[in-house]
Amino acid sequence: MSGSAGEDPDCHTGVASPVIETMIVPRGRDIGGFEVQRILPSVRRRMVGPFIFFDRMGPATFAAGRGLDVRPHPHIGLATVTYLFAGEIVHRDSVGSRQTITAGAVNWMTAGRGIVHSERTDPTLRHTGGRLFGIQAWVALPQAAEEMAPAFSHHAVESLPRLAGEGWHGRLIAGRFDGMTAPTPVLSPTLYADIMLAAGARLAVSPEHEERAVYVVEGAVSLDGHSLDPGVLYVLVPGQAVTLAAGGESHLMLIGGARMDGPRYVWWNFVSSSHERLEQAKADWKAQRFAAVPGEHEFIPLPDDT
């Protein structure tokens, strides 16, 4: 999806816990006609592992005749990761992909040196209306891969590793967790998992990944005895094993991975290790030098550079 120009004063709040480094409270935004909760990037914590953008989309219910309409827009230096809990989105991009994503599947779009895409509600679903709920994330690419050729891959529900333990189960979206490896094309060590816990279940999270965070989608979850609020991202202290416990049926996401190989800068939909590269991307989009999305005639203009 499309981001926004400039920096945001997202809310960060300290928390008295020996295993929680930072908690990040999101800010609401309107994207494509419905509200999202933006968590990353934020002022005091820009990234967790390779994750540099993390948006909760919905839950939203579209009335008949309405739907998602994110017009074509560009990206560089990142991979977008779309994962839905409910609903569906039609993805189109400038490398010729057209893919409908449904709940539990993954759309992984690697922007590299530049790609353009749109995200819309299918006309049939738009006619009847429907629900949309999910996460849109961006992962930054290693410096050596920032200018790679753009690419797109879709991963059906059945292709993603199933995670399971006593009282909990889940799906590995990307990277490694609990001895499993996902097929999504990560380019640096990554953790991205979707976990459901029954009341009373406990989930151990090892310190395998250098940086880790827990996001509670819904439910009652505690971390080593500290209660976690739904909708808040909790960044964990590195190097410590932790245990998550569910007081009732709960849904959470785990994100993280290795610390990136240097800082990343974000402007609008562009991510790069170089300020100069961001300026080039701005100029290229303004001059419409990016490849077009086949079948699309609209586009999101470059925002004012403020």
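Asp178 is partly exposed, with a relative accessibility of 46%. The residue lies in the loop between strand S15 (168-177) and strand S16. Its phi is near 55 degrees, a positive value in a residue that is not glycine. Gln288 offers a second case: its phi is also positive, about 55 degrees, and it is not a glycine either. Gln288 sits in the segment after helix H2. Its relative accessible area is 38%, so it counts as partly exposed.

These details come from a predicted model. How far does the confidence reach? The mean pLDDT of the protein is 93, and 94% of its residues reach 70 or more. Residues 6-13 are a weak spot, with pLDDT below 50. In the model this stretch still has 24 contacts beyond near neighbours in sequence. Where pLDDT is low, the predicted coordinates should not be read in detail.

Now the overall build. The protein has two helices and 26 strands. Its C-alpha atoms fill a box of roughly 55 × 45 × 35 Å along the principal axes. The radius of gyration is 19 Å, which agrees with the value near 19 Å for a compact globule of 306 residues. Of the 306 residues, 57% count as buried. Contacts reach far along the chain: among those between residues at least 6 apart in sequence, 71% join residues at least 24 apart.

One sheet can be followed strand by strand. It is open, has four strands in the order S6-S11-S8-S9, and pairs them in the antiparallel sense. Strand S6 (69-75) and strand S9 (98-102) stand at the edges. Each has a single partner strand, so one side of each is left without a neighbour in the sheet. Neighbouring strands are turned by 20 degrees against each other on average, direction ignored. Inside the sheet, strand S8 (residues 88-93) and strand S11 (residues 115-120) pair over four bridges, again antiparallel. Here Arg92 stands opposite Ser118 in S11.

Next, the charged pairs. The whole structure holds 14 salt bridges. Arg264 bridges to Glu146, with the closest N and O atoms 3.6 Å apart. This pair links distant parts of the chain, 118 residues apart. Arg264 is in the loop between strand S24 (250-257) and strand S25 (265-267), while Glu146 is in the loop between strand S12 (130-140) and strand S13 (151-155). Are the two partners buried or exposed? Arg264 is buried, at 2% relative accessible area. Glu146 is buried as well, at 7%.

Glu211 and Arg259 also meet through their side chains, in a salt bridge of 2.8 Å from N to O. Glu211 lies in strand S19 (residues 211-218) and Arg259 in the loop between S24 and S25, so the pair ties together parts that are 48 residues apart in sequence. Here the partners fall into separate classes. Glu211 counts as buried at 8% relative accessibility. Arg259 counts as exposed at 53%.

A local pair sits in helix H2 (residues 275-286). Lys282 forms a salt bridge with Glu279, and the closest N and O atoms are 3.0 Å apart. Why does this pair count as local along the helix? Lys282 and Glu279 are three residues apart in H2, so about one helical turn separates them. Lys282 is buried, with 6% relative accessible area. Glu279 is partly exposed, at 44%. Salt bridges also join into a network, which links Asp69, Arg120, Arg126, Glu296 and Glu298.

Finally, the prolines. A cis peptide bond joins Leu40 and Pro41, with omega about 0 degrees. Pro41 is placed in the loop between strand S4 (34-40) and strand S5 (51-62). Another cis peptide bond joins Gly58 and Pro59, with omega about 10 degrees. Pro59 is found in strand S5.

Pro185 belongs to the loop between strand S16 (180-181) and strand S17 (190-197). Its relative accessibility is 36%, so it counts as partly exposed. Which residues does Pro185 touch, leaving aside neighbours within four places in sequence? It is in contact with Trp108, Ser153 and His155. Pro185 and Ser153 are 32 residues apart in sequence, yet their C-alpha atoms are 8.2 Å apart in space.

How values were computed
Residues numbered from 1 in each chain as written. Predicted model: local features only at pLDDT ≥ 70, side-chain atom pairs only at ≥ 80, totals over all residues. Heavy atoms only, no water. Pairing = 2+ DSSP bridges. Axes fitted to C-alpha atoms, helices over the stretch in contact; angles between N-to-C directions. pLDDT = per-residue confidence, 0-100. Contact = heavy atoms within 4.5 Å. Buried < 20%, exposed > 50% of the residue type's maximum accessible area, 1.4 Å probe, protein only. Salt bridge = Lys/Arg side-chain N within 4 Å of Asp/Glu carboxyl O. Rg over C-alpha atoms; globule rule 2.2 N^0.38 Å.
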